[in-house]
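Here are my notes on the structure you asked me to look over, set out as numbered points. Please read them with the sequence and the model side by side.

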Amino acid sequence: MLKESASQTAGPYVHIGLMPNFAGLPNVFPADLGQDMRIAEPAGEPIEIVLRVLDGTAAPLTDAVVELWQADADGRYAVPGAFLGFGRQATDAETGECRFRTIKPGRVPFGDGRAMAPHVALFVVARGINLGLHTRLYFADEAPANAEDPVLAMVDAARRPTLLAQREGGVYRHDIHLQGEHETVFFDV
């Protein structure tokens, strides 16, 4: 009878495997995948999303990797020649921040056809996390669309702010709290 092996966290190798240039191993790939989401200048409002990953004590997590998946401004995923719809960034070694240059996404249909609010899907991996964490980022300045969103409607109203990015000019800022009083809502997908 085979025994299950111990679970492992992402460990120090996640950066090497996912982002070799960032990890100091140049020439594996010309550029790390997902470094820039825009292939050309796609239609839509150019924005920057700045995420900060924090641990249970609100200290910056300086060795996380965040993936971002989103639709374009017209609600389409991965537009060949214009928009990847995917980005991947490592958090900064001092601030725990990562930045995505992208466009503001449009609304996409839920399984039953209702329109979801503009959002991006996020996947976080880091030391101490056995399985990657899935969450979403919604835009606080999209209040009418957020009020109609079928996924946000399933989240307790008191916890919805953990999914809302605040706008400062063309930049949306958001903290992802892995634990603690302001823990971000994570989805079991």
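**Salt bridges and the overall fold**

1. A search of the whole structure, which is a predicted model, finds 14 salt bridges. As general background, side chains of opposite charge can pair when their charged atoms come close.

2. Before turning to individual pairs, it helps to have the fold in mind. The protein chain has two helices and eight strands, and their order along the sequence is α-β-β-β-β-β-β-α-β-β. Among contacts between residues at least 6 apart in sequence, 65% join residues that are at least 24 apart.

3. The surface deserves a short remark as well. The protein chain has 189 residues, of which 41% count as buried, and it exposes about 10200 Å², with carbon and sulfur atoms supplying 55% of that area.

4. One pair to find in the model is arginine 52 with aspartate 175, whose side chains meet in a salt bridge with an N to O distance of 2.6 Å. This pair links distant parts of the chain, since arginine 52 belongs to strand E1 (residues 46-54) and aspartate 175 to strand E8 (residues 171-177), 123 residues apart. Arginine 52 counts as partly exposed because its relative accessibility is 29%, a value between the limits of 20% and 50%, and aspartate 175, at 27%, counts as partly exposed too.

5. A second pair joins arginine 88 and glutamate 67, with 2.8 Å from N to O. Arginine 88 lies in strand E3 (residues 86-90) and glutamate 67 in strand E2 (residues 65-70), so this salt bridge ties together parts that are 21 residues apart in sequence. Are these two residues buried or exposed? Both arginine 88 and glutamate 67 are buried.

6. A third pair is formed by glutamate 142 and lysine 104, whose closest N and O atoms are 2.9 Å apart. Glutamate 142 sits in the loop between strand E6 (133-139) and helix H2 (143-148), while lysine 104 sits in the loop between strand E4 (97-103) and strand E5 (119-125), so the pair ties together parts that are 38 residues apart in sequence. Glutamate 142 is partly exposed, at 22% relative accessibility, whereas lysine 104 is buried, with a relative accessible area of 9%.

7. Finally, I would ask you to look at the surroundings of that third pair. Which residues are linked with Lys104 and Glu142 in a network of salt bridges? The network also includes Glu45, Asp141 and Arg167.

Conventions:
Residues numbered from 1 in each chain as written. Predicted model: local features only at pLDDT ≥ 70, side-chain atom pairs only at ≥ 80, totals over all residues. Heavy atoms only, no water. Helix = DSSP H or I, 4+ residues; strand = E, 2+ residues; numbered from the N terminus. Buried < 20%, exposed > 50% of the residue type's maximum accessible area, 1.4 Å probe, protein only. Contact = heavy atoms within 4.5 Å. Areas by Shrake-Rupley, 256 points an atom, 1.4 Å probe, with all protein chains shown as cover. Salt bridge = Lys/Arg side-chain N within 4 Å of Asp/Glu carboxyl O.
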